Amino acid sequence: MLGKLARQHDENLLVGFDTADDAAVYRLNDDLALVQTVDFFTPIVDDPYVFGQIAAVNSLSDVYAMGGEPMTALAVVCFPDGGDLEVLGQMLAGGVSKMQEAGCIVAGGHSVRDPEMKLGYSVTGRVHPRKFWTNAGAKAGDALVLTKPIGTGVISTAIKLGKAKQEWIDGAVASMTKLNRRAVEVVRQGDFEVHAATDVTGFGVIGHAREMALGSKTSIRIEARLIELLRGALECVQAGYVPGGLKTNREFAESCVRYAEDIPEDLRTLLYDPQTAGGLLFSVPSEIVKGMVAAMEVAGVPAVRIGNVLSKGEKLVEVS
């Protein structure tokens with residue numbers, strides 16, 4: 001639908017929606033640009049405080065994916081008329097706790113009456129107008145690094161069905177409440193060169209890899225067995241705890257994918273799992289990948305090399 005909208009030209013809009021990037025970047029002057037994003041969704045865990053934390057981490061992630069630093073946030077709230085205001089208070093408190101951890105000020109927001117609860121944030125950050133990242137700069141020969149395990153979508157579905165084991169829930173919550181801030185700090189402090197970046201969220205690994213390949217005019221090879229999985233993720237797929245978003249992702253993107261014959265079906269499925277507050281996917285020069293991953297590990301950031309960038313081929317994504 002975005003492709004049908006009239007285009008507005010402004011030379012200071014450095015990143016818009018042309019390549020399905022994570023956030024907009026708008027230049028204010030030669031040394032400062034704004035990063036702007038918005039995201040909100042329905043509860044995926046039972047604890048309202050934890051849900052608020054996850055909503056905040058998820059919303060902040062798009063600023064980090066552009067290499068930016070969050071500054072302010074506006075809450076976007078949908079809440080039932082006559083609902084328990086203590087629940088709402090806990091949701092907002094959880095969100096504020098993560099915004100404070102990120103050094104981001106919650107400056108206000110907007111609420112509407114809605115039978116289904118939703119929470120998220122519109123976040124504004126800052127970045128140097130010549131030092132931001134996009135999803136469209138990957139180069140053939142680059143290595144791909146992913147900073148969090150996957151599987152939050154299928155585990156969240158198991159939670160909703162009352163089928164999730166506590167250890168699965170604990171692992172998923174720990175991942176979803178972890179900011180991507182430290183990963184960005186490692187890259188900046190180590191002066192690691194980043195050609196492209198995105199966060200792996202609602203479209204899953206394949207969907208976001210596809211966007212990176214399209215925007216960069218390349219193809220991408222993913223080594224599926226190198227991707228870290230949350231505990232319980234495979235069991236959820238095998239038990240059929242598959243969210244509708246995963247099925248939609250697969251229907252949309254699978255025509256762009258070629259698999260090696262030995263990739264098992266449950267692993268193929270997880271590559272389309274929609275992530276909430278997922279990790280960052282970096283495309284970096286292959287010669288720096290070992291040093292970058294090592295620096296991430298020292299900083300407590302789970303990071304693994306999961307593939308590489310190819311010259312544009314018949315398929316946008318190859319899974320080996």
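The buried residues of helix 2 are Leu88, Met91, Gly94, Gly95, Ser97, Lys98 and Met99, where buried stands for under 20% relative accessible area, exposed for over 50% and partly exposed for the range in between, with a 1.4 Å probe and protein chains only. The model is a predicted one, in which local features need pLDDT of at least 70 and side-chain atom pairs count only at pLDDT 80 or more, while totals for chains, interfaces and linings use all residues. Residues are numbered from 1 along each chain as its sequence is written, and side-chain values use heavy atoms, with hydrogens and water left out.

Helix 2 covers residues 85-101; helices (H or I, at least four residues) and strands (E, at least two) are DSSP runs numbered from the N terminus. Its 17 residues reach 24 Å from the first C-alpha to the last, close to the 24 Å expected at 1.5 Å a residue, the expected span being 1.5 Å times one less than the number of residues. The cover over the buried residues of helix 2 includes helix 1 (48-65), strand 4 (69-79), strand 5 (105-113) and strand 6 (118-127).

Helix 1 deserves a further look alongside helix 2. The axes of the two helices come within 6 Å and cross at roughly 40°; such axes are lines fitted to C-alpha atoms, for helices over the stretch in contact, and the angles run from 0 to 180 degrees between N-to-C directions. Helix 1 and helix 2 are therefore oblique to each other, given that angles under 35 degrees count as roughly parallel, over 145 as roughly antiparallel, 65 to 115 as roughly perpendicular and the rest as oblique. Their crossing is right-handed: a crossing is right-handed if the near helix is turned clockwise from the far one by less than a right angle, and left-handed if anticlockwise.

On the helix 1 side, Pro48, Tyr49, Phe51, Gly52, Gln53, Ala56, Val57 and Leu60 take part, and they meet Val87, Gln90, Met91, Ala93, Gly94, Gly95, Ser97, Lys98 and Met99 of helix 2, contact meaning heavy atoms within 4.5 Å. By class, this contact has 10 nonpolar, 6 polar and 1 charged residues. Here Ala, Val, Leu, Ile, Met, Phe, Trp, Tyr, Cys and Pro count as nonpolar, Asp, Glu, Lys and Arg as charged, and the others, Gly among them, as polar.

Val57, a residue of helix 1, counts as buried at 3% relative accessibility. Leaving aside neighbours within four places in sequence, Val57 is in contact with Lys98, Met176, Thr177, Lys178, Leu179 and Ala277. The C-alpha atoms of Val57 and Gly120 are separated by 9.3 Å, with the two residues 63 apart along the chain. Just ahead of helix 1, Asp46 sits in the loop that follows strand 3 (32-41). At 73% relative accessibility, Asp46 counts as exposed. Between the C-alpha atoms of Asp46 and Val319, 273 residues apart along the chain, the separation is 35 Å.

A second helix pair is formed by helix 5 (residues 181-190) and helix 10 (residues 289-298), whose axes come within 10 Å and cross at roughly 130°. That angle makes helix 5 oblique to helix 10, and the crossing is right-handed. Ala183, Val186 and Val187 of helix 5 make the contact with Met292, Ala295 and Met296 of helix 10. The residues of this contact comprise 6 nonpolar, no polar and no charged ones. In the loop between helix 5 and strand 8, Asp191 has a positive phi of about 55° although it is not a glycine. Asp191 counts as exposed, at 69% relative accessibility.

Strand 8 (196-199) and helix 6 (204-216) are joined by a loop that holds Thr201. Thr201 is buried, with a relative accessible area of 13%. Apart from neighbours within four places in sequence, the contacts of Thr201 are Asn58, His208, Asp273, Pro274, Gln275 and Gly278.

Helix 6 itself is largely enclosed by the rest of the structure, because 12 of its 13 residues are buried. Among these buried residues are Gly204, Val205, His208, Arg210, Glu211 and Ser216. The end C-alpha atoms of helix 6 are 18 Å apart, which agrees with the 18 Å that its 13 residues should span at 1.5 Å a residue. Helix 6 is followed by Lys217, found in the loop leading to strand 9 (218-222). Lys217 has a positive phi of about 60° although it is not a glycine, and this residue counts as exposed at 64% relative accessibility.
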